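Welcome, and thanks for taking a look at this one with us. Please keep the structure open beside the text as you read.

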Amino acid sequence: MSDAGTHDERAGILLVDDMEDNLTALEAVLASLDEPLVRARSGEEAMKALLRRPIALILLDIRMPGMDGFETAAHIKRLTQTRDVPIIFLTGADDDSGYAFRGYATGAADYVTKPFDPWVLRAKVSVFLDLYRKGREVERLRAEVRELRRRVGDVS
C-alpha cells in the first residue's frame with residue numbers, strides 16, 4: 001500500500017474508454033502503482049464517477065460514442081469540484097493532428113497516443129499522483145496553520 005493513506009483517503013485514477021481491451025491494458029500498466037483504478041466506459045459514466053469519489057487523475061480517450069473525450073473534458077473543467085483534476089488525453093496515432101491542440105485547449109494536462117509505451121505512461125501518471133499528494137499535504141498544512149492561529153487568537 002502506498003504512503004498516501006488508507007484506501008478511503010486515496011484518490012483514484014479514472015480510466016475512461018469505451019473499449020474493454022483498452023481499459024484492461026490501462027489497468028495492467030497501472031496496477032503496479034497500487035492506487036485505486038476507477039473504470040468508466042463513457043463520458044457520462046466518467047462524470048458520475050468523478051462525483052462519487054476523489055480522483056487524482058483522468059486518462060480520457062478522445063474517440064467515444066455519445067459524449068466524446070473533448071465534450072467530457074469540457075464538462076469536467078466547468079464543475080468547481082472537478083476543474084482542477086488533471087486530464088491525460090489518449091488517442092490513436094492515426095487520429096487528426098489537430099486533436100492535440102484541441103485537447104490542450106480543452107484543458108488537458110498531457111496527451112498520449114496509442115499504442116503507448118507502458119513505461120512512459122506509468123511515469124507520467126506517477127508524476128501526477130505525486131503532485132496530487134503534495135497538493136493534499138499543502139492543504140493539510142494550511143488547515144493546521146489556520147487552526148493554530150485560531151487557538152492563538154483564542155488565548156489572547
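The report below goes from the overall fold to the cores, one helix, the pocket and a few backbone details.

## Overall layout

Please bear in mind that this is a predicted model. The protein has five helices and five strands, and from the N terminus they follow the order β-α-β-α-β-α-β-α-β-α. Along the principal axes, the C-alpha atoms occupy a box of roughly 65 × 30 × 25 Å.

Of the 156 residues in the protein, 42% are buried. If you count contacts with a sequence separation of 6 or more, 61% of them join residues 24 or more positions apart.

## Two nonpolar cores

In soluble globular proteins, nonpolar side chains tend to be buried together. Here the largest nonpolar core holds 23 residues, and the ones with the most contacts inside it are Leu-14, Val-16, Leu-50, Ile-55, Ile-58, Leu-60 and Phe-89. Two or more residues come from each of β1 (12–16), β2 (37–40), α2 (43–52), β3, α3 and β4. Helix α2 gives the largest share of this core, with four residues. Apart from this core lies another one of 20 residues, including Leu-26, Leu-30, Leu-90 and Phe-128.

Leu-60 is a handy residue to click on. Leaving aside neighbours within four places in sequence, Leu-60 touches Val-16, Gly-69, Thr-72, Ala-73, Ile-87, Ile-88, Phe-89 and Leu-90. Leu-23, in helix α1, is another good stop. Leu-23 counts as buried because its relative accessibility is 0%, below the 20% cut-off. With neighbours within four places in sequence set aside, Leu-23 is in contact with Leu-15, Val-16, Asp-17, Arg-39, Ala-40 and Arg-41. The C-alpha atoms of Leu-23 and Ser-42 are separated by 12 Å, with their positions 19 residues apart along the chain.

## Helix α4 and its two sides

Which residues of helix α4 (residues 98–106) are buried? They are Ala-100, Gly-103 and Thr-106. Viewed down the axis of α4, these buried residues fall within an arc of 130 degrees, so they line one face of the helix. An α-helix has 3.6 residues a turn, so residues three or four places apart point the same way. On the other side of α4, Phe-101 and Ala-105 are exposed.

What do the buried residues of α4 pack against? Their partners are α3 (69–78), β4 (87–92) and β5 (110–114). Just after α4 comes Gly-107, which takes a positive phi of about 115 degrees.

One of the elements that α4 packs against, β4, contains Gly-92. Gly-92 is buried, because its relative accessible area is 18% and the cut-off is 20%. The C-alpha atoms of Gly-92 and Asp-61 are separated by 9.0 Å, although the two residues are 31 residues apart along the chain.

## The largest pocket

For anyone thinking about cavities and grids, the largest pocket has a volume of about 310 Å³. It is lined by 16 residues, and those closest to its centre are Ile-55, Asp-84, Val-85, Tyr-132 and Arg-136. Ile-55 also appears among the residues with the most contacts inside the largest nonpolar core.

By class, the lining has nine nonpolar, four polar and three charged residues. Both β3 (55–61) and α5 (118–155) supply at least two lining residues. The largest share, five residues, comes from α5.

## Backbone details worth a look

Most residues other than glycine have a negative phi, and most peptide bonds are trans. Against that background, two places deserve a visit. Asp-34 is not a glycine, yet has a positive phi of about 55 degrees. Asp-34 sits in the loop between α1 (20–30) and β2. Is Asp-34 buried or partly exposed? Asp-34 counts as partly exposed because its relative accessibility is 35%, which lies between the 20% and 50% cut-offs.

The other place is the peptide bond from Lys-114 to Pro-115, which is cis, with omega near 0 degrees. Pro-115 belongs to the loop between β5 and α5.

Conventions
Residues numbered from 1 in each chain as written. Predicted model: local features only at pLDDT ≥ 70, side-chain atom pairs only at ≥ 80, totals over all residues. Heavy atoms only, no water. 1 Å grid on protein atoms, 1.4 Å probe; cavity = no way out; pocket = protein on both sides within 12 Å on 5 of 7 lines; lining within 4 Å. Points joined across faces, edges and corners; volume = space filled by probe spheres on them. Nonpolar A, V, L, I, M, F, W, Y, C, P; charged D, E, K, R; others polar. Buried < 20%, exposed > 50% of the residue type's maximum accessible area, 1.4 Å probe, protein only. Arc of directions from axis to C-beta. Contact = heavy atoms within 4.5 Å. Core = buried A, V, L, I, M, F, W, Y, C linked by side-chain atoms within 4.5 Å.
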